[in-house]
Amino acid sequence: MTLRLAVGTTAILLVVALPLAWWIASGHGAGRALVQAIVALPLVLPPTVLGFYLLVALGPLSAPGRLLIQIVGHPLAFSFSGLLVGSVIYSLPFAVQPLVSGFSAVDSAYVETAAGLGASPWRTFRSVVLPLARGSLLTSAVLTFTHTVGEFGMVLMLGGNIPGATKTLSISLYDKVQEFNYGAANQTALVLVAFSLVTLVVVYWRSAGRRLVLG
Amino acid sequence: MANLFRPSPPQVVAIYPHMSRLSVQLRHNVGKLQIDVDFELTQPWTILFGPSGSGKTTILRAITGLFEPDFAHIVSYPRLVSPTSTGITLIDTSSGLCLPAHKRGMVIASQKPSLFPHMTVLQNIRFGYPRAASSAEQDRLDKLTETVPKLFRLDHLLHRRPAELSGGETQRVHLARATMAGSIRVLLLDEPFTGLDRALRDELITDLLLWQEESQIPILSVTHDVTEAFQLGAEVIKIAEGRVVQQGPVAEVLAGERERLMDQLNAAKKNPA
């Protein structure tokens, strides 16, 4: 469950975050500042606040929620797809921020050169900006993935802890502690720690290796 | 002393009757500098000459389409001008028309080479012409892929990365890449020879002139170097504080600058420091 959610969230977020981050990084102005602030909002808000709003927005209590129910056929709240939507929003800053700094670090001279040579903005992005910022792409994916694995408050509010549908590892850990089942809790916690550690080690190892190769 | 101004072996005197023309009207404020120019490129090689800070680079960038000026009307007239041909408007701010940079064919080689570091030399020079749309195009592309590396003496470097090149090699790849752009209508060079030694400069000028003979593409370059302007023997547009002061053959427009430089050199010869 946790894995499915994390993979789904990371996949969706990369698709959403790439153009968004490129747009934020490729200019400035009040509009971009506002969007950047909204993207960063999940960082400062308690996850429960976000979960609550999403619950209202996706459930039958509000107009957009009712519209969604009509389109999808069932309420998104307390379902896996609802959880996915929540995760995407909650982890958005973790996907977008590394990309924005990665894209901003790409010298604008490369972008201008590419345009001058007749490359469309899309081709420039694909074959110049993205390869030059590939390190931040990896960081973004890993952060999103691990952050989704570890999220709790939002999942509890929005997912409602339904076994087999919306129960993630972090929530099951919470349940086990509530039941004073420390042995099982310990196992779950260990799985989460080991998983995060292994992922991060692999990422740092790889990026260190690349630095060495490039000299 | 006189040979300082003797045009180097390759002389830019050949006039290509069917070469395309470019008409430029431009007004733009950058800080305190007000750029207001109106000129036409009619010769194979034209030089924008002026001191640093006179707006030369800004003019090139505006022509390329790297930013939108306050006012601009730039038209490129195709090579074979018939009485009815009207030319391609690249930008006309008064009618709100503005072609994006990648559709203009105004290929700029900026002062800093900025070769794409993650690509080989071959990938770099092919960047502006990734694929051919038709079989005739394919022939042209094949021919370019064969001749350009030869012309710029890059054959043995094609599979290297930019980080493995010397300064002179980097500059050669930089220019080769610009000349290979498939959409090119005019080649714009922003101080392409600054910081290079005389031998390398002569080499690059020869390369570019040979390329021009083949391609019939006009070149607009920017310099504040009197010697370079005389070496190219090109048409000169003299710029000062954002305005065109004079346009004509180099011997005419830069006669004063040449005098001054000669005097300085003579004085230096008489009183060596």
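These questions and answers go through a predicted model of two chains, A and B.

Q: What makes chain A an all-helix chain by its element count?
A: Chain A has eleven helices and zero strands. Read along the sequence, its pattern is α-α-α-α-α-α-α-α-α-α-α.

Q: How much of chain A counts as buried?
A: Of its 215 residues, 36% do. The cut-off for buried is 20 or more other C-beta atoms within 10 Å.

Q: How do you know what share of the contacts in chain A join residues at least 24 apart?
A: Take the contacts between residues at least 6 apart in sequence. Of these, 70% join residues at least 24 apart.

Q: Why are helix 1 and helix 5 of chain A called oblique to each other?
A: Helix 1 spans residues 2-25 of chain A, and helix 5 spans residues 80-104. Their axes cross at roughly 45 degrees. Angles under 35 degrees count as roughly parallel, and 65 to 115 as roughly perpendicular. An angle of roughly 45 degrees fits neither class, so the two helices are oblique.

Q: What else describes the crossing of helix 1 and helix 5 of chain A?
A: The crossing is right-handed. The contact residues divide into 21 nonpolar, five polar and no charged. The axes come within 7 Å.

Q: Why are helix 3 and helix 5 of chain A also called oblique?
A: Helix 3, residues 47-58 of chain A, packs on helix 5 at about 135 degrees. Roughly antiparallel needs an angle over 145, and roughly perpendicular covers 65 to 115. The angle of about 135 degrees falls in neither class, so this pair is oblique. The axes are 11 Å apart, and the crossing is right-handed.

Q: Which residues of helix 3 and helix 5 of chain A meet?
A: Helix 3 of chain A brings P47(A), L50(A), G51(A), L54(A) and L58(A). Helix 5 of chain A brings G82(A), V85(A), G86(A), I89(A) and Y90(A). By class, the contact has seven nonpolar, three polar and no charged residues.

Q: Which residues of helix 6 of chain A are buried, and what covers them?
A: In helix 6 (residues 108-116) they are V111(A), E112(A), T113(A), A114(A), A115(A) and G116(A). The cover includes helix 7 (121-132) of chain A. It also includes helix 1 (56-64) and strand 7 (106-109) of chain B.

Q: What is the sign of phi at G118(A), which follows helix 6 of chain A?
A: Phi of G118(A) is positive, near 100 degrees.

Q: How many residues does each chain give to the contact between A and B?
A: Chain B gives 17 residues and chain A gives 14. The chain B side has seven nonpolar, nine polar and one charged.

Q: How do you know that both faces of strand 7 of chain B are covered?
A: Look at each side in turn. M106(B) and I108(B) lie on one side, V107(B) and A109(B) on the other, and all are buried.

Q: What makes strand 7 and strand 8 of chain B a pair?
A: They share four bridges, and a pair needs at least two. Strand 8 covers residues 186-190, and the sense is parallel. A109(B) stands opposite L189(B) in strand 8 of chain B.

Q: Why is S94(B) called exposed?
A: S94(B) has 8 other C-beta atoms within 10 Å. Exposed means 12 or fewer, so S94(B) qualifies. S94(B) is found in the loop between strand 5 (88-92) and strand 6 (97-98) of chain B.

Q: What separates the C-alpha atoms of S94(B) and D38(B)?
A: The distance is 15 Å, for residues 56 apart along the chain.

Notes: Residues numbered from 1 in each chain as written. Chains lettered and ligands numbered in written order. Predicted model: local features only at pLDDT ≥ 70, side-chain atom pairs only at ≥ 80, totals over all residues. Contact = placed C-beta atoms within 7 Å. Nonpolar A, V, L, I, M, F, W, Y, C, P; charged D, E, K, R; others polar. Axes fitted to C-alpha atoms, helices over the stretch in contact; angles between N-to-C directions. Left-handed = near helix turned anticlockwise from the far one by under 90°.
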